[in-house]
Amino acid sequence: MTVRVRRTFEFDAPAERVWDFIADPGKRAGAISVVRDYEVDGNCATWEIDLDLPLIDRTATVETEDVEREEPRYVKFVGRSSVMRVTGEHRVEDAETGTRLHNEFIVDGRLPGVERFFKKRLDAELDNLEAALRRDLELPA
């Protein structure tokens, strides 16, 4: 089973500022609540995520890499680990009053319960991403 979540946010801010945040692997990782720790090396990041699964309470290492970048409008990353594969896509576009950011996350689990874990959390994680971006842009929540 694959979990897929799509959301669009609008910001009263220039597209360049939104791009500066969303193109940064560290800022993306820092916005995700299940990422306990992370290290960034260029367009790659290593996430340590906490998984609270039935019968399995563990930390997993996810190696992420930006696989497509069309500056300053589009970035796609892929993360791989022994427990899952995650793909994230972010597209920045101009809107009437600022900037629109389209987001999509796909999680394919490799252990029982991983999809269910993320199905419950992905929508909230996108809320976290939006809130972190608003803080970065110094916009009201």
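How many residues does the hairpin that joins β5 to β6 pass through? The hairpin joins β5 to β6 through three residues, and I will come back to that turn once the rest of the chain has been laid out. Please keep in mind throughout that this is a predicted model.

Let me begin with the overall layout. The chain has three helices and seven strands, and if you read along the sequence you find the pattern β-α-α-β-β-β-β-β-β-α. The radius of gyration is 15 Å, close to the 14 Å that the globule rule gives for 141 residues, so the chain is as compact as a globular protein of that length. Taken along the principal axes, the box filled by the C-alpha atoms is roughly 50 × 30 × 25 Å. Buried residues account for 45% of the 141 residues, while the accessible surface comes to about 7,500 Å², with 44% of that surface belonging to carbon and sulfur atoms. As for contacts between residues at least 6 apart in sequence, 50% of them join residues at least 24 apart.

Now to the strands, which I will take in sequence order. Strand β2, residues 35–41, runs antiparallel to β3, and six bridges join the two. Within that pairing, V40 stands opposite A45 in β3, and the hairpin of β2 and β3 has two residues between the strands, with G42 taking a positive phi near 65°.

Further along, β5 and β6 are also antiparallel, joined by seven bridges, and here Y74 stands opposite R91 in β6. Strand β6 then pairs with β7, again in the antiparallel sense, over 12 bridges; V92 has L101 in β7 as its bridge partner, and the hairpin that joins β6 to β7 goes through two residues.

That brings me back to the turn I opened with. S81 has its place in the loop between β5, residues 74–80, and β6, residues 84–95. Is S81 buried or exposed? Its relative accessible area is 8%, and because the cut-off for buried is under 20%, S81 counts as buried. Leaving aside neighbours within four places in sequence, the residues in contact with S81 are T61, V62 and R110.

A useful contrast is found in another loop, the one between β7 and α3, where P112 lies. P112 has a relative accessible area of 69% and is exposed. From C-alpha to C-alpha, P112 is 41 Å from A13 in space, and the two are 99 residues apart in sequence.

Let me turn to the interior, starting with the aromatic rings. The structure holds four aromatic pairs. In one of them, the rings of F77 and F105 have centres 6.0 Å apart and planes at 65°, so the pair is edge-to-face. Since F77 lies in strand β5 and F105 in strand β7, residues 98–109, this pair ties together parts that are 28 residues apart in sequence. Both F77 and F105 are buried. Another edge-to-face pair is formed by F117 and F118, with 4.9 Å centre to centre and 85° between the planes, and both F117 and F118 are buried as well.

Ring pairs also link W47, F77 and F105 into a cluster. Which residues is W47 in contact with, once its neighbours within four places in sequence are left aside? They are A29, I32, V35, D37, Y38, A60, T61, V62, T64, F77 and V86. You may notice that T61 and V62 were named earlier, as contacts of S81.

Finally, the nonpolar core. The largest one has 41 residues, and W47, I49, M84 and F118 are the members that touch the most others. Two or more residues come from each of β1 (2–11), α1 (15–22), β3 (44–53), β4 (56–70), β5, β6, β7 and α3 (114–137). Which of these elements gives the most to this core? The answer is α3, with nine residues.

To draw the threads together, W47 is linked by ring pairs with F77 and F105, and W47 is also one of the residues that touch the most other members of the largest nonpolar core, whereas P112, in the loop between β7 and α3, is exposed.

Definitions and conventions. Residues numbered from 1 in each chain as written. Predicted model: local features only at pLDDT ≥ 70, side-chain atom pairs only at ≥ 80, totals over all residues. Heavy atoms only, no water. Helix = DSSP H or I, 4+ residues; strand = E, 2+ residues; numbered from the N terminus. Buried < 20%, exposed > 50% of the residue type's maximum accessible area, 1.4 Å probe, protein only. Contact = heavy atoms within 4.5 Å. Phe/Tyr/Trp six-rings, centres within 6.5 Å; stacked < 30°, edge-to-face > 60°. Core = buried A, V, L, I, M, F, W, Y, C linked by side-chain atoms within 4.5 Å. Rg over C-alpha atoms; globule rule 2.2 N^0.38 Å. Areas by Shrake-Rupley, 256 points an atom, 1.4 Å probe, with all protein chains shown as cover. Pairing = 2+ DSSP bridges.
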